[in-house]
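Me: I'm new to this structure and I'd like a close look at just one part of it. Could you pick a strand and walk me through its surroundings?

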Amino acid sequence: MDLTRVNQNVRKVHRITRHLSSRSSTTTRQYSRNTPIPSRRSSSPAVRAPNYCPRQAPLRNLTSQTSLRTPQPPPSTDPTFTTVSPEEVSHFNALASSWWDPQGPSRILHLMNPLRHDFIRSCRASVPDAPSKTYPSTGLRYLDIGCGGGIFAESAARLSTTASVTAIDPSPEVLTVAKAHARRDPALASKLEYKNTSIEALPIPTAQEDKYDVVSVFEVVEHVANPAAFLDRVTPFVRPGGWLVLSTIARTWTSWLTTNLIAEDLLRIVPRGTHDWNKYINEDELRRHFVQSRSGWSEPRCMGVVYVPGIGWKEVTGSEKIGNYFFAVRRLPE
């Protein structure tokens, strides 16, 4: 993108920001974290963002079908149950061919990948008296859910501490790209396995040793149809003492401005339609889901990150309250 276009986009953002700042205090209060903002898949052009000051009932705050607060019946009771959204699968299918282009639509995922590993290392290093027989430092088993083209799965498989990586995704087109790219490195053949499946269709291991030390769910939770049911289906795959690690976006006015308006509509560093603000999940909702509403989980950890154009992703303390963040919980050892 040339500097002229960047300057034009910056001026657009400034104009919109000044417009929002000039609104009355009554109007401003309506932009709370629980205020509904239309889905980007059906919204008006970005320049009409100031007209989004809605006066409808507050956002359900994830207390209905997308709730992280209300316990859900076990998905396994219904063999046809799935949290996969066909609309989301179709969207990412369209991006499959460019997944491994470091300057393409998935560029920010490539830039985020090192922070994923940093966060996992910090989580595992936080456990006292590690390593031990029940908390190994090598021979780790990973399950990467919603692996996409395999950016994280490949990098995890290359680690000397990794024994195996199982990576799953419901999109056959995206997995075709992932498998083709992995074949370029013969060393991955014995450590990395891709499966075209949803988490609901993946058999839960019966033996504890067949479960996983790290279950990763990066940039997935905000794309499923029922986050609570999805997470409940994911958790049985984590071995006692293991970690469930994910990343998502807080549901705030700031996150809508940065991820929907600026990233998608103005700078176009993310394909339009990638994010639906109403599906974002706040960090405190995840904490309540695992620590208060569910048993067997402890040591919740969080790391806020901010994308700086031209530099990449940086850890910023407190930014988990307004935008992108990593979250992890540990399954209690038996």
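Reply: Quick bit of groundwork: the accessible areas here come from the Shrake-Rupley method with a 1.4 Å probe. On that basis, the chain exposes about 15,300 Å², and carbon and sulfur atoms supply 54% of that area. Keep in mind that this is a predicted model.

Now for the setting. The chain has nine helices and eight strands. Of its 334 residues, 53% count as buried, where buried means under 20% relative accessible area. If you take the contacts between residues at least 6 apart in sequence, 75% of them join residues at least 24 apart.

The part to zoom in on is strand β5, residues 238–249. Here 12 of the 12 residues are buried, so the strand is largely enclosed by the rest of the structure.

Who are its partners? Let's start with strand β4, which covers residues 212–218 and pairs with β5 in the parallel sense over six bridges. To find one of these contacts on screen, look for Val217, whose bridge partner in β5 is Leu246. There's a helix to spot here too: β4, helix α7 (residues 227–234) and β5 make a β-α-β unit, and it is right-handed.

Then there's strand β8, residues 324–331. This one runs antiparallel to β5, and seven bridges join the two. For a landmark, pick out Ile249: its bridge partner in β8 is Asn324.

So to retrace the tour, β5 pairs with β4 in the parallel sense and with β8 in the antiparallel one.

Terms used
Residues numbered from 1 in each chain as written. Predicted model: local features only at pLDDT ≥ 70, side-chain atom pairs only at ≥ 80, totals over all residues. Heavy atoms only, no water. Helix = DSSP H or I, 4+ residues; strand = E, 2+ residues; numbered from the N terminus. Buried < 20%, exposed > 50% of the residue type's maximum accessible area, 1.4 Å probe, protein only. Contact = heavy atoms within 4.5 Å. Pairing = 2+ DSSP bridges. Right-handed = clockwise from strand over helix to strand, strands pointing away.
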